[in-house]
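Work through the following exercises with the sequence and the model side by side, trying each task before reading its solution.

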Amino acid sequence: MSEPIHLGLDQGYVSALCRVKTCSLAGEMNDIPKHLLLRRELEKDIARLPPHAQLPTERELTARFEVSRMTLRQALGGLLDDGVIYRIGRTGTFVAESRISKDRSLTSFTEDMRARGMVPSSSVIDVAAEPADDTQARDFRIEPDTPLARIERLRLADGIPMCHEVVRVPLQLMPDILTVELTGSLYDLFARRFRIRVASSIQRTRAIAVDHPIARWLMVPAKEPALQVRRITSDTTSQVVEIATSTYRADRYDFTHLIRRQSS
Ligand code: GLP
């Protein structure tokens, strides 16, 4: 996954942000709180930045916008609360991933099925705690043997098996996940219970010949073609929160992508 991009203070963004300065704040109506005006200006500039770009320091911003530290903190606080930016300890403040949109969306099984007019459901096959092996540790960026929750489920649409799924999440991020009801949407659970909002995934799809026991769960003959999707998902702070392997029945599933020609 992408690491935060540290923009040097001499790069284009800073000068673009700094050019806004106080002139755009000074001309506004006096009854709008200054921190809201500042927030609006910050938002315009943030919208032009790539996810995980680092914002200038507080000192830099207060100097350039000629606002007090308190006004700046109020403006940044609002942006933090709304997930437009995020902070990493003392390292700095960064642009969060853009919101999910229809044409570039990271969707859940539940959302995918509902979008196709079907009713999603799940059967839990197995749940367990297990130590991360070397590959999982590398993908999660954690130490080998760190405890993971392994959640194996059969995903159905209108009662028909659609997908066999094994999801792993770090137990330190979601400590009691193995004790809760897991028949609904995991992404909803991440958000509601653990305040983890998925933001981006690296996803690899390959064709496989499905074997037992997965073939049995999917109710297809052994060696039947299937689509296997491996997803490594990060949240809005770029922390890897999920590694999932989903095996879809090839006769019941397809992937549709909106693709755009790059402007030259
Ligand atoms: C898809 C993804 C999985 C993800 C799941 C979440 O199936 N391939 O990686 O875990 O969606 O779906 P839900 O929120 O419905 O559990």
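**Exercise 1: a salt bridge between two strands**

At 22% relative accessibility, E130 is classed as partly exposed, where buried means under 20% relative accessible area, exposed over 50%, and partly exposed in between (1.4 Å probe, protein chains only). This is a predicted model, in which local features need pLDDT of at least 70 and side-chain atom pairs count only at pLDDT 80 or more, while totals for chains, interfaces and linings use all residues. Residues are numbered from 1 along each chain as its sequence is written, and side-chain values use heavy atoms, with hydrogens and water left out.

Task: determine which parts the salt bridge of R168 and E130 ties together.

Solution. Begin with the contact itself: the side chains of R168 and E130 form a salt bridge at 2.5 Å, N to O, the criterion being a side-chain nitrogen of Lys or Arg within 4 Å of a carboxyl oxygen of Asp or Glu. Next, place the partners: R168 belongs to strand β5 (residues 160–170) and E130 to strand β3, so the pair ties together parts that are 38 residues apart in sequence. Here strands (E, at least two residues) and helices (H or I, at least four) are DSSP runs numbered from the N terminus. Finally, R168 is buried, with a relative accessible area of 16%.

**Exercise 2: the sheet**

Task: state the order of the strands in the open sheet of 6 strands.

Solution. The order is β3-β4-β5-β8-β7-β6, with antiparallel pairing, and two strands pair if DSSP finds at least two bridges between them. At the edges are β3 (120–131) and β6 (198–210), each of which pairs on one side only. Looking at β3 in detail, 11 bridges join this strand to β4 (residues 147–157), and the two run antiparallel; within β4, A157 is the bridge partner of P120.

**Exercise 3: two further salt bridges**

Task: locate the partners in the salt bridge of R230 with D139, then say whether E165 and R155 are buried or exposed.

Solution. For the first pair, the closest N and O atoms of R230 and D139 are 3.0 Å apart. R230 lies in strand β7 (residues 224–235) and D139 in helix α7 (residues 134–140), so this contact ties together parts that are 91 residues apart in sequence. R230 is partly exposed at 32% relative accessible area, whereas D139, at 11%, counts as buried.

For the second pair, the side chains of E165 and R155 meet at 2.8 Å, N to O. Both E165 and R155 are buried.
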